[in-house]
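This report describes the fold, the nonpolar cores and some backbone features of a single chain. The sequence and structure are shown first.

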Amino acid sequence: MASDGFRPLDDKSLAEYIKATPSLSSKLGNQIDELQIKEVGDGNLNFVYIVTSPSGSCVIKQALPYVRLIGESWPMTKERAYFEAMALKEHGRLCPDHVPEVYHFDRAMSLIGMRYLEPPHIILRKGLIAGIEYPLLAEHISEYMARTLFFTSLIYRTTTEHKQAVAEFCGNVELCRLTEQVVFSDPYKVSQYNHWTSPYLDRDAEAVREDNTLKLEVAELKAKYCRHLSYIYFDKF
């Protein structure tokens, strides 16, 4: 365990953690001996566990102090979990029909426990790729965006409330920096984290690096992201 109380959890230690955490164990009917735990994270940043019992379920997400895909050589603050939990709670308050409920947040452990949407629910991205039509998608997305954007804007909030919220989320530096780096910077220059199929795509990669018009357009998008979007961003599964 680190000096700040953090320790990464695995299947066994997560079961013990849930047993000692009433806000989570109660969602599972306190049937800790019958838990089924499955790690489903995409491997990029976080650990994500689906936890089920005969009487309930939840999702546990834990942020690591580094980029999981790379390892400890690429450190990253665990505080990103705090900003995600704050955003989920606020958006859940404003639009509870379309945001998973947060059952538990442990800042020291960088751990969020939230509602699990059980099958037949699947990740929307996978459904769209598979060609599934969602007739209510536009209605639900627009309701979510309208409520969360309006009630967190200066149209609704006082300037004091708005500035306090912006100041709080401006602490979400590291994850935003990662997006700035891997989306808006690294692909257009020589970087140790760039990879492509060589030698077959060498010329394509070089063409991107030497395209000044493209880099100017990307720089403008990066500036817009940094000015208007980055402080509210939190990482997906």
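## Pairing of strand 3

In this predicted model, I60 of strand 3 has G113 of strand 7 as its bridge partner. The two strands run antiparallel and are joined by four bridges. Strand 3, residues 56-63, also pairs with strand 2, residues 46-53. That pairing is antiparallel as well and comprises eight bridges, one of which can be located through V48, whose partner in strand 3 is K61. The connection from strand 2 to strand 3 is a hairpin with two residues between the strands.

Is strand 3 mostly covered, or mostly open? Eight of its eight residues are buried. The cover extends to both faces of the strand. On one side lie G56, C58, I60 and Q62, and on the other S57, V59, K61 and A63, every one of them buried. K61, the bridge partner of V48, is thus listed among the buried residues of strand 3.

## Strands 6 and 7

Strand 7, residues 111-114, has a further antiparallel pairing with strand 6, again over four bridges. Within this pairing, V102 is matched with M114 of strand 7. Strand 6 covers residues 102-106, and four of these five residues are buried, so the strand is largely enclosed by the rest of the structure.

Strands 6 and 7 form a hairpin with four residues between them. S110 lies in this loop and adopts a positive phi of about 50°, although it is not a glycine. Is S110 buried or exposed? With a relative accessible area of 1%, S110 counts as buried, because the limit for that class is under 20%.

## Nonpolar cores

In soluble globular proteins, nonpolar side chains tend to be buried together. The largest nonpolar core in this model holds 21 residues. Those touching the most other members are L14, I18, L35, I37, Y49, V51 and I60. Helix 1 (11-19), strand 2 and strand 3 each contribute at least two residues, and helix 1 gives the most, with four. I60 therefore appears both among these highly connected core members and in the bridge to G113.

The surroundings of I37 illustrate how this core is assembled from separate parts of the sequence. Apart from neighbours within four places in sequence, I37 is in contact with D11, L14, A15, Y49, I50 and V51. A second, separate core consists of ten residues, including V59, L88, I112 and Y116.

## Cis peptide bonds and a second positive phi

Two cis peptide bonds merit inspection. The bond from P119 to P120 is cis, with omega near 15°, and P120 is placed in the loop between strand 7 and helix 4 (124-129). The bond from S198 to P199 is also cis, with omega near 10°. P199 belongs to the loop between helix 7 (173-184) and helix 8 (202-209).

Besides S110, N30 has a positive phi without being a glycine, at about 55°. N30 is located in the loop between helix 2 (22-25) and strand 1 (36-39). Its relative accessibility is 54%, so N30 counts as exposed, whereas S110 is buried.

## The chain as a whole

The chain contains nine helices and seven strands. Its C-alpha trace spans about 60 × 45 × 45 Å along the principal axes. Of its 237 residues, 37% count as buried. Among contacts between residues at least 6 apart in sequence, 55% join residues that are at least 24 apart.

The accessible surface amounts to about 14700 Å², and carbon and sulfur atoms account for 56% of this area. How many positive and negative side chains does the chain have? There are 27 positive and 32 negative side chains, and the centres of the two sets are 3 Å apart.

Key. Residues are numbered from 1 along each chain as its sequence is written. This is a predicted model: local features need pLDDT of at least 70, side-chain atom pairs count only at pLDDT 80 or more; totals for chains, interfaces and linings use all residues. Side-chain values use heavy atoms; hydrogens and water are left out. A nonpolar core is a set of buried Ala, Val, Leu, Ile, Met, Phe, Trp, Tyr and Cys residues joined through side-chain atoms within 4.5 Å. Buried means under 20% relative accessible area, exposed over 50%, partly exposed in between (1.4 Å probe, protein chains only). Contact means heavy atoms within 4.5 Å. Two strands pair if DSSP finds at least two bridges between them. Accessible areas come from the Shrake-Rupley method with a 1.4 Å probe; for residues, only the protein chains shown count as cover. Lys and Arg count as positive and Asp and Glu as negative; His and the chain ends are not counted. The place of a charge is taken as NZ of Lys, CZ of Arg, CG of Asp or CD of Glu.
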